[in-house]
Amino acid sequence: MTNIQEIFSLLTQSTQTDKALVQKAYDFALHAHRDQKRKSGEPYFVHLFETAKILADLGMSATTISAGLLHDSIEDVGVALETIEKEFGKDIGFIVDGVTKLGHLKYRGTARHSESLRKLFLAMAEDARVIIVKLSDRLHNMRTLQYVPEDKRLRIAKETLEIYAPLAYRLGIRKLNRELEDTAFKYVYPSEYAETVRLVHEREGSETESLEKFLKSLKKELAANNITNFHTEHRIKGLYSLYKKLKRNGMDIDKIHDLAALRVIVPSVSECYQVLGIIHGAWRPLPGRIKDYIAFPKPNGYQALHTTIFNGDGGLVEVQIKTEAMYHDSEYGIASHIGYKQETNEGIKPNSKTTQNALWTNLMQSLKTELAEEENVRKIDFFKERIFVFTPKGDVIDLPFGSSVIDFAYSIHSEVGNTIAGAKVNGKFVAIYTTLKNGDRIEIETKKSAKPSRKWLESAKTTMAKKHIRISLTGSRK
Ligand code: MN
């Protein structure tokens, strides 16, 4: 059921060292989760193995694949981060730790909150690989969602549709985006899903037939113009993205012109424009539907030329023209920039200087700007001055940089602050003066008899905590 050769066969350029690393992570995870079962009754390890396979399929490196195998070992079976770092190095430890922390984010289900959560999610993951592992984890959970109890199923599917699928889209990983959306769609909007499937079935046959007919004439036309080095691909649109479009068009499928889009893939950018010219010379384009995403890429980096033409048979067909690299990028997005070939040991940290890092840094920068604007703190570097920490239930609390356990307690409630007796950070007892870090999870213990002291003031950063401590100190002197 879990043959490591399946992963190896996807690692086309791997060295012996790479394989040894993946093998070690495989053995470690198999052992660590040996007593754990999934809801389906299968060994838990199957989930880790499948997550690793999704990562390998995306072209990720041995490092990321190994992190995929280990991603639940801290949370589920209590392996210490230090152990992972010692056995597998800082890099893998960093990814596993990041995935664990993202798992603590809680989804509340309001649209306004979803957008912030999506941005927060990206901002918290300092390394794109953390997000890619998390998305692959979620994809396997969606593929096996039927085993999860019904009440939980809907929450997970909604979260996938509102948080994870848009994240995959934002990172340009269409391959993940499409499957996340379509698996969640079925659970979140069952009747709309059934209706969309019905409409597609009704049209699929004739659509494919007319597309193939058009393709024949297109090939002839291109050959007549000396373009022979190209290949084509056609696929029916993803169900959820089709549904969204149908909804905008009164559920009228006749208004959808890209149900089946035809892709023409050529070697160079100049050939893209040449092909567009040839097509427009032979078939009449639909006005207003010509899009030059090569000169003006979409915000997520997508590039191609799109046009919709009258196929001469009474129908319309959308043609997308792109280079091989654009095609690959449109399916794999950021994953293709940090995949096997490009990934360095250093990882994709915002501060390093390679090209793929520039891509990630740009994305992070724009997200941070958006979030800062949303929070109305345009003038300060929001992320440099704030940290995000969690309550035990997973609610996010943002505090100024340098805040302590004391500040956290007061941000929950002044009464909690006034009666702190002790605290745990990430499951370990700490002094209440401890400075907090991004992603920490804090539990506060209170005692009626506890009260603030002078020393608390020195560790308080927020105005609110200082104010309440002062009130309590002067009050107790009276
Ligand atoms: Mn998992």
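This passage describes the confidence of a predicted model, its manganese site and two of its helices.

The structure is a predicted model, and the mean pLDDT of the chain is 86, with 89% of the residues reaching 70 or more. Confidence varies among the elements of the chain, for which the highest mean pLDDT, 97, belongs to α6 and the lowest, 57, to helix α18, formed by residues 382-385. Over residues 340-355 the pLDDT falls below 50, although the model gives this stretch 41 contacts beyond near neighbours in sequence. Residues 376-382 likewise stay under 50 in pLDDT, and for them the model has nine contacts beyond four places in sequence.

The manganese ion has as its protein donors His47 and His71, each through NE2, together with Asp72 and Asp137, each through OD, at 2.2 to 2.3 Å from the ion. Along the chain, these donors follow the spacing H-x23-H-D-x64-D. Because Asp72 is placed in the loop between α4 and α5, whereas Asp137 belongs to helix α9 (residues 128-143), the pair ties together parts of the chain that are 65 residues apart in sequence. Both aspartates fall below the 20% cut-off for burial: Asp72 counts as buried at 11% relative accessibility, and Asp137 counts as buried at 6%.

Helix α2 comprises the 17 residues 16-32, for which a rise of 1.5 Å a residue predicts a span of 24 Å, in agreement with the 24 Å that separates its end C-alpha atoms in the model. Within α2, the buried residues are Asp18, Val22, Ala25, Tyr26, Ala29 and Ala32. These residues cover an arc of only 140° around the axis, which means that they lie on the same side of α2. Such an arrangement can be read against the geometry of an α-helix, which has 3.6 residues a turn, so that residues three or four places apart point the same way. The buried residues of α2 pack against α1 (5-8), α3 (45-57), α4 (62-70), α5 (73-77) and α6 (81-88), while the exposed residues Gln16 and Thr17 are carried on the face of α2 turned away from its buried side.

Further along the chain, helix α15, which spans residues 324-332, has Met326, Tyr327, Ser330, Glu331 and Tyr332 as its buried residues. Helix α15 is followed by Gly333, a residue whose phi is positive, near 50°.

Key:
Residues numbered from 1 in each chain as written. Predicted model: local features only at pLDDT ≥ 70, side-chain atom pairs only at ≥ 80, totals over all residues. Heavy atoms only, no water. Helix = DSSP H or I, 4+ residues; strand = E, 2+ residues; numbered from the N terminus. Expected span 1.5 Å × (residues − 1). Buried < 20%, exposed > 50% of the residue type's maximum accessible area, 1.4 Å probe, protein only. Arc of directions from axis to C-beta. Contact = heavy atoms within 4.5 Å. pLDDT = per-residue confidence, 0-100. Donors = N, O, S within 2.8 Å, 3.2 Å for Na, K, Ca; no water.
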